[in-house]
Amino acid sequence: MSNKLQQFVREVESALAGPKDEEHILEHVSRAMGELVAADDWLAPEMAVPHPQFYQQYLLHCDPQQRFSVVSFVWGPGQQTPIHDHTVWGVIGMLRGAEVAQAYLRTDKGIEPDGPQQHLHAGQVVVVSPRVGDIHRVSNAHDDQVSISIHAYGTDIGNQRRRVFDPATGAAKEFVSGYANVRRVGA
Ligand code: FE
């Protein structure tokens, strides 16, 4: 593991050793994430490989007690997620290229965009959580190049049961994302 990633993992551990409130954790982890994505010189090449069809999620580190995980999100040109939630806190830092996020709100009628699209450029950091807004769709901002963001979540996110939402009806469906570089036990 690169020194910078190791330093980031230590920072998250120290954030989790402090006050348990989410606000404190998000603030501490966001600051550390800002330092991690300030320079694009540490991500292992095998954790940056795009897939022609699907955006990739590579597990960079999982806390032995599953209190948090760190993942590289690799976007091929034009790739995007479905509308989804996380169920835990998450901190996203843009390492390479750019992505576009659209937040959503569930309503009586289904699911609706919540506010304008937000662009995330290299070096920038955003947060998600059930408290501050947990449902969004994320896309590569580029149609002609790979983009990569680094994500930290308050659990082993690849094994977390969460939901995707039908954009037309808002109907929720459970999913478990897994990781591109980890075979799931029993799967
Ligand atoms: Fe997300």
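1. The second largest cavity of this predicted model encloses about 50 Å³ of space, a cavity being a set of points on a 1 Å grid over the protein atoms alone where a 1.4 Å probe fits but cannot get out, and a volume being the space filled by probe spheres set on points that are joined across faces, edges and corners. The residues that line this second cavity (an atom within 4 Å of a point) are Phe73, Trp75, Thr81, His84, His86, Ile92, Glu99, His136, Val138, His151 and Tyr153. Two or more of the lining residues come from each of β2 (69-75), β9 and β10 (147-153), where strands are DSSP runs of E with at least two residues and helices are runs of H or I with at least four, numbered from the N terminus. By class the lining holds five nonpolar, five polar and one charged residues, with Ala, Val, Leu, Ile, Met, Phe, Trp, Tyr, Cys and Pro counted as nonpolar, Asp, Glu, Lys and Arg as charged, and the others, Gly among them, as polar.

2. On the basis of the model, residues are numbered from 1 along each chain as its sequence is written. Local features need pLDDT of at least 70 and side-chain atom pairs count only at pLDDT 80 or more, whereas totals for chains, interfaces and linings use all residues, and side-chain values use heavy atoms, with hydrogens and water left out.

3. The structure holds two cavities of 30 Å³ or more, and the largest has a volume of about 70 Å³. Its lining consists of Tyr55, Gln57, Phe73, Thr81, Pro82, His84, His86, Tyr153, Arg162 and Phe175, which divide into five nonpolar, four polar and one charged residues.

4. Which residues coordinate the iron ion? The donors (N, O and S atoms within 2.8 Å of the metal, or 3.2 Å for Na, K and Ca) are the NE2 atoms of His84, His86 and His136, at 2.1 Å, and along the chain they follow the spacing H-x1-H-x49-H. His86, in the loop between β3 (83-84) and β4 (90-96), and His136, in strand β9 (residues 136-140), are 50 residues apart, so that this pair links distant parts of the chain. Water is not among the atoms, and the site may therefore look incomplete.

5. Are these two ligands, His86 and His136, buried or exposed? His86 counts as buried because its relative accessibility is 1%, and His136 is likewise buried, with a relative accessible area of 9%; buried here means under 20% relative accessible area, exposed over 50%, and partly exposed in between, with a 1.4 Å probe and protein chains only.

6. The largest pocket, an open set of points with protein on both sides within 12 Å along at least five of seven lines, has a volume of about 420 Å³. Of the 21 residues that line this pocket, Ala103, Gln118, Val127, Val128 and His136 lie nearest its centre. At least two lining residues are supplied by each of β5 (98-107), β7 (118-121), β8 (125-128) and β9, and the largest share, six residues, comes from β5. The classes are 12 nonpolar, five polar and four charged residues.

7. The largest nonpolar core, a set of buried Ala, Val, Leu, Ile, Met, Phe, Trp, Tyr and Cys residues joined through side-chain atoms within 4.5 Å, has 28 residues, and those with the most contacts inside it are Phe8, Val29, Leu43, Trp89 and Ile150. The elements α1 (3-17), α2 (22-36), β1 (56-62), β2, β4 and β10 each give two or more residues to this core. Another core, of nine residues, lies apart from it and includes Val71, Phe73, Ile157 and Tyr179.

8. As to the fold as a whole, two helices and 12 strands make up the secondary structure, and from the N terminus on the elements run α-α-β-β-β-β-β-β-β-β-β-β-β-β. The radius of gyration (taken over C-alpha atoms) is 16 Å, close to the 16 Å that the globule rule gives for 187 residues, so the protein is as compact as a globular protein of that length; the rule is 2.2 Å times the number of residues to the power 0.38. The C-alpha trace spans about 45 × 40 × 40 Å along its principal axes, and 45% of the 187 residues are buried.

9. Two single residues complete the note. Leu26 is placed in helix α2 and is buried, with a relative accessible area of 6%, while its C-alpha atom is separated by 9.7 Å from that of Val12, 14 residues apart along the chain. Ala180 lies in the segment after β12 (172-175) and counts as partly exposed at 43% relative accessibility, and its C-alpha atom is 25 Å from that of Pro167, 13 residues apart along the chain.
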